[in-house]
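Take a look at the model below. We will go through a pocket, and then a sheet and the helices beside it.

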Amino acid sequence: MIVANTRDQLHDLLNKPRNHQTVGFVPTMGALHDGHVSLIKAARKQNERVIASIFVNPKQFNDPADLHRYPRTPEADIELLTDCGCDILFHPVESEIYDGSEYQVPDLGFMETIMEGVHRPGHFKGMAEVVGRLCELIRPTRAYFGEKDFQQLAIIRFLASTKGYGTQIIGCPTIRESDGLAMSSRNILLTKEERSQAPVIYEALLQARKLFMDGNESEILKKYVQKVEQSGCFKVEYLYIGFADTLKEAELFDPKRSYRIFTAVRTPGIRLIDNIPVGH
Ligand code: AMP
């Protein structure tokens, strides 16, 4: 694997033997785990060249403390990417991404007015800007994103089509620990006690799904909060059931439609998000 730290190095690598090769791109913020590996492997299967990026993007952190303590493990990341067949890692410093050039993020509309958009003001604009800038540099054939961040995936699809990048956006399933906790770079910031209680988030989501599908909508939120908060480690920020395609809020289950149940929970130190599918 070749590591490029500057736009010029990246440009040289991309333009030398490119000759119509397909390029699969996986943007990340590093501290890589098996969720990221699944995206690289998906890209490896479908493209001649695979490029990953590691950039902890300050513009998408609405909380400076979260940015400060975000895990950074570059040596281990490079080893992991090499092992799973990545060809190029783009690992820039901030001035290589924000080089003074203009980038216009389109109005993200409704998608920015729900869930993470409400609880993390500015987060999606910052995320869309960095992904847009990276796509303009790399011009990938396909770009890979995890369903773990389902709202982000929906926003990226909108961004790619609005900006006309011609990049196919591929969503990949959430990879979980064996006890159900969705893998996340932030999990290593959990205390021992919080980590041992964390599977309750997935269990409570499964319980919410059953209640929704059984027509017991009125009990979903109360039972969800009860189950998550009785652990003593987590506070529920939101639980939201939306249609999988539009993310518009759904109230009643219709077996012909697909939904997603979303949540964010907090410990005193960190915030975790997760979501699960409902229906086909
Ligand atoms: P991040 O480094 O957290 O910005 O994530 C980079 C990419 O990996 C995003 O597209 C995430 O949705 C995806 N990702 C993060 N965690 C998981 C997971 N547990 N399973 C699948 N994809 C994931």
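**A pocket, a sheet and two helices**

This is a predicted model. Its second largest pocket has a volume of about 230 Å³. The lining of this pocket consists of 16 residues, and the closest to the pocket centre are F55, V56, R72, H91 and P92. What classes of residue make up the lining of the second largest pocket? The count is 10 nonpolar, 3 polar and 3 charged residues. How is such empty space found? A probe the size of a water molecule is rolled over the atoms, and this shows where space is left.

Now turn to the sheet. Strands of a sheet pair through backbone hydrogen bonds, and the pairing can be parallel or antiparallel. Here, 6 strands form an open sheet, and the pairing is parallel. Read across the sheet, the strand order is 1-4-3-2-5-6. Which strands stand at the edges? They are strand 1 (2-4) and strand 6 (168-172). Each has a single partner strand, so one side of each is left without a neighbour in the sheet. On average, neighbouring strands of this sheet are turned by 25 degrees against each other, direction ignored.

Pick out one pair of strands. Strand 3 (residues 49-54) and strand 4 (residues 88-90) run parallel, joined by 3 bridges. A52 stands opposite L89 in strand 4.

Next come the helices. Helix 1 (residues 7-15) lies across strand 1, strand 3 and strand 4. Helix 1 runs at about 135 degrees to strand 1. Helix 4 (residues 74-83) also packs on the sheet and touches strand 1, strand 3 and strand 4. The direction of helix 4 makes about 165 degrees with that of strand 3.

Definitions and conventions:
Residues numbered from 1 in each chain as written. Predicted model: local features only at pLDDT ≥ 70, side-chain atom pairs only at ≥ 80, totals over all residues. Heavy atoms only, no water. 1 Å grid on protein atoms, 1.4 Å probe; cavity = no way out; pocket = protein on both sides within 12 Å on 5 of 7 lines; lining within 4 Å. Points joined across faces, edges and corners; volume = space filled by probe spheres on them. Nonpolar A, V, L, I, M, F, W, Y, C, P; charged D, E, K, R; others polar. Pairing = 2+ DSSP bridges. Helix = DSSP H or I, 4+ residues; strand = E, 2+ residues; numbered from the N terminus. Axes fitted to C-alpha atoms, helices over the stretch in contact; angles between N-to-C directions. Contact = heavy atoms within 4.5 Å.
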